[in-house]
Amino acid sequence: MDYITIALAKGRLAKTALAMFEQIGITCEEMKVPDSRKLIFTNEELKIRFFLAKANDVPTYVEYGAADIGVVGKDTILEEGRKLYEVLDLKFGACKMCVAGPEEAREKLRHGELIRVASKYPHIAKDYFYNRKHQTVEIIKLNGSVELAPIVGLSEVIVDIVETGSTLKENGLVVLEEICPLSARVVVNQVSMKMENERITKMISDLRDVLMTKA
Ligand code: PRP
């Protein structure tokens, strides 16, 4: 039997995802070693491997089949635009992709002025403004702390994740438009889905059962 390889986005998401896999009987004791720098963990009995990758790289590993399955945020799936199957919404990590900025930017947005939009998610921002709103904007890619951009005058607005809203609030910014809801998703390599259909389908339906009992 071949190994099924599961890529998890490093960080908060990985912890919750692992807890869900534990609930369906897929455990990896090795992964619980505190402060370990190890990146790949194997359950020999079940022939399952987990590895931790940067969130943005998870869809890449899955598209190329280096991982059969991935657990990653919808934001990353949308931004990366890889060829894969999104098969399950795990519901945790729920937040929203939004256009945010100072209250004054609302009018400029409404009148379709040529504004600058800073974001860690240039593809999502572009798709939203160009394809959904048919509004021409200038998109500036940043790598983090995007809320700074409108404060220091780099852009009029930002496209970013809003969870509790406290980062915006503390920086005097507000949500101006909601783009889409986000949460953790399970993605599957298109070939693996055919080759390992039985094992993968079972895993997905077990995860779905866990979600049902929670709901
Ligand atoms: C994310 C996001 C916002 C913040 C939203 O940043 O980019 O800055 O969380 O959360 P809130 O609505 O609960 O305040 P993250 O912590 O991932 O770091 P980053 O700024 O480096 O992107």
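**Around the ligand, strands and helices**

Trainee: How far does a polar side-chain atom of Thr167 lie from an oxygen atom of the ligand?

Mentor: Let's begin with the term: a polar contact is a pair of N or O atoms within 3.5 Å. Here a polar side-chain atom of Thr167 and an oxygen atom of the ligand are separated by 2.4 Å.

Trainee: From which pLDDT do side-chain atom pairs count?

Mentor: Residues are numbered from 1 along each chain as its sequence is written, and side-chain values use heavy atoms, leaving out hydrogens and water. This is a predicted model, where totals for chains, interfaces and linings use all residues, local features need pLDDT of at least 70, and side-chain atom pairs count only at pLDDT 80 or more.

Trainee: How much of the ligand's accessible area does the protein cover?

Mentor: Glu147 puts a polar side-chain atom 2.6 Å from an oxygen atom of the ligand, and a polar backbone atom of Ser145 is 3.0 Å from a ligand oxygen atom. Accessible area comes from the Shrake-Rupley method with a 1.4 Å probe. On its own, the ligand has 500 Å² of it, and the share covered by the protein is 71%.

Trainee: How many of the six residues of strand E9 are buried?

Mentor: Strands are DSSP runs of at least two residues, numbered from the N terminus, and E9 holds residues 157-162. Buried means under 20% relative accessible area (1.4 Å probe, protein chains only), exposed means over 50%, and partly exposed is in between. E9 is largely enclosed by the rest of the structure, because the number of its residues that are buried is five.

Trainee: Which residue of E9 stands opposite Met97?

Mentor: Two strands pair if DSSP finds at least two bridges between them. E6 (residues 95-101) and E9 do so in the antiparallel sense, over five bridges. Opposite Met97 you will find Ile161.

Trainee: Which residue in E9 is the bridge partner of Ser119?

Mentor: E7 (residues 116-119) runs parallel to E9, joined by three bridges. The partner of Ser119 there is Val159.

Trainee: How wide an arc do the buried residues of helix H1 cover?

Mentor: Helices are DSSP runs (H or I) of at least four residues, and H1 covers residues 12-23. Its buried residues are Ala14, Ala17, Met20 and Phe21. Taking directions from the helix axis to the C-beta atoms, these residues are on the same side of H1 because their arc is only 125 degrees.

Trainee: Which residues are exposed on the other side of H1?

Mentor: We have just met the buried side, with Phe21 among its residues. Across from that side, the exposed residues are Arg12 and Lys15.

Definitions and conventions
A polar contact is a pair of N or O atoms within 3.5 Å; within protein, one must be able to donate a hydrogen and the other to accept it, and residues adjacent in sequence count only if both atoms are side-chain atoms. The expected span of a helix is 1.5 Å times one less than its number of residues.
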